[in-house]
Amino acid sequence: MEKKAILFCDDNTGIVEFAQFLNKDGWTILSNGKTAEILKDNNISFKIEHAFDATPRNIQDSTLLIQKILKTKILGNDNPFDNPDEENNYFIVCVNFDPLSSSFESIPKVGIGSPALDSFRSTVIRNCCTNFSNVLILTDPNDYKECIIEVRTENMQQSFRMYLAGKALNMISAYDSANANAILQNNPFAQSAFFTYMTMPYKKHLELKKGSNSCQKAVVYQLGSDGGALAGFRKIHGNDVTHKIVADTSFAWEQICSLYENLKVSSAVNSETSEGYPYTTQFTPLTGTVYSVLVKYRTVVGAGLDTNVRDSFKKTLSYDMDSNIHSTFATSAVIDADAAREIAQITFSAVMAPSFTEEAKQILSANPETRLIIATRPSSPTIDALVMDGGVIVQDADKKLFDKWTVPTKTRPTQKQCDELAFGMCLAKATKSYSGVCIKDYSVVGIASSYSSRFKALGSVLFEAKQTYKIHSIEDDIIADVLVADTEIELCEPVKEMIEKGVKAILQTGGHPNDKEFIDYCDEHNVAMIFTGVKHTKY
């Protein structure tokens, strides 16, 4: 009685040991392609299976193979492979491929029916799953060991067969979803990005020792074959990354990329004065500047703009001194030795940059607790998702800062104030609502997050700005240059005190019933007020 096993894999990890067992146990191995070459190099006997010939595929052989797999049947529990119909004895099918690198998603301008699309292998696997009670379908090298044990002991557990079939379907579902996404993306008939079924192929990228707490398990999944910004993250020094490190570094890098995406090149917004006169507000391009941000538990605890990493770092560090330890510091430029000496004075959980000079690596590597992470790809998420029990809310990413500026006050913002307001809005957009941000000299001096009311957020940002002023013993009387809110706000005591202590420009949504009172107060104190008409509520 002939027992047949098909071995045809892209991932050939452990295939030699598995094939050697099958040879020794009397199995006939059928193979092709890269797997066949490996078997030949290791003197493992096999037969060529022509159904897997790449070009051209023999349609008759392919159809015949699938028919044989479907007809394979185990007759008895005492001897599970005692099937007299040797023509249909394909008891083991070991086939795998990378569903993301084999799909439309990774093959630009490919046509349907292209040989680059490995639909035959996915079809073979699908039919194996249909007959999983009689065929062991192996798609993961991690399952070879258990398979060997069950074959050797002739104890083929039904639960193991179902487990293998589930993993096989999991793999080809990623292949199908990747193809569906790639075909529908930018298709002229696709009027909406939100289709009937949510098909987003995520692949396991990194297993973590634990989740945000030791009682939780966690793993990082990477979306698609490209992987986005995550695929460009690389740790070059320090302890293993944790749930917190992954969450904070991805969030920090997203903030840096968001600012430059909106303001690095020449950017402008259509504006209108209180008299209805239209004009254009031009922002100063950020080319040649360095943006740094400090993040802890996906919350911004410092941010600063300057012309070099060292000074940008100092501005970032000047706010919320108590939160710096074990936070994540990220910057938009290469970290040099001069900046590294300043950074090394504090124990950060992670330091992230596009690169590090060799001297900077040596300086920062002295502390094993600080992970050094290189980020080489821009971050530009297209969706925002909130997971709940039994479902997920998905929406377009909040990417646009403003549509229009309306300046209802007699005073118009200066160029510096315009730039600081745009900088502050990038931060407010990333901060959980209700939020408020105070900026002074292109540095955060106060930031409020996750408040249940606008009044509480404004009171908090005032308190933070006063604390920053007090800690640094600043000689002038100005606690902040500008105030930015993520939604509409009204005139209240915290705002009055901020204006009294130096705030000269306010950016908010507008649309509150008491806007007129607020505008009049700003006019009395020579403060520029700007309405955007765009909320940036964040949960």
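This section describes a helix pair, a surface patch, salt bridges and two backbone features in a predicted model.

Two packed helices are described by the angle between their axes and the distance between the axes. For helix 4 (residues 119-130) and helix 6 (residues 158-184), the axes come within 10 Å. They cross at roughly 150 degrees. The crossing of helix 4 and helix 6 is left-handed. On the helix 4 side, the contact is made by Ser119, Ser122, Ile125, Arg126 and Cys129. Helix 6 meets them with Ala165, Ala168, Leu169, Met171, Ile172, Tyr175 and Asp176. Eight residues of this contact are nonpolar, two are polar and two are charged. Ser119 and Ser122 count as polar because Ser is among neither the nonpolar nor the charged residue types. Arg126 of helix 4 and Asp176 of helix 6 count as charged.

Helix 6 also takes part in a salt bridge. Lys167 pairs with Asp140, and their closest N and O atoms are 2.7 Å apart. The pair links distant parts of the chain, with the two positions 27 residues apart in numbering. Lys167 lies in helix 6. Asp140 lies in the loop between strand 5 (136-138) and helix 5 (144-152). With a nitrogen-oxygen cut-off of 4 Å, the model contains 28 salt bridges.

A nonpolar patch is found on the surface. Tyr202, Val219, Tyr221 and Leu223 make up this patch, which covers about 350 Å². Strand 7 (residues 218-223) gives the most to the patch, contributing three residues. One of the patch residues, Leu223, is placed in strand 7.

Two loops carry the backbone features. In the first case, a cis peptide bond joins Ser433 and Tyr434. Omega for this bond is about -15 degrees. Tyr434 sits in the loop between helix 11 (415-430) and strand 19 (436-440). The other case is Asn43, with phi near 55 degrees. This is a positive value in a residue other than glycine. Asn43 belongs to the loop between helix 2 (33-41) and strand 3 (47-48).

Notes. Residues numbered from 1 in each chain as written. Predicted model: local features only at pLDDT ≥ 70, side-chain atom pairs only at ≥ 80, totals over all residues. Heavy atoms only, no water. Axes fitted to C-alpha atoms, helices over the stretch in contact; angles between N-to-C directions. Helix = DSSP H or I, 4+ residues; strand = E, 2+ residues; numbered from the N terminus. Left-handed = near helix turned anticlockwise from the far one by under 90°. Contact = heavy atoms within 4.5 Å. Patch = residues over 30% accessible without salt bridge, like charges linked within 9 Å, V, L, I, M, F, W, Y side chains within 5 Å. Areas by Shrake-Rupley, 256 points an atom, 1.4 Å probe, with all protein chains shown as cover. Salt bridge = Lys/Arg side-chain N within 4 Å of Asp/Glu carboxyl O.
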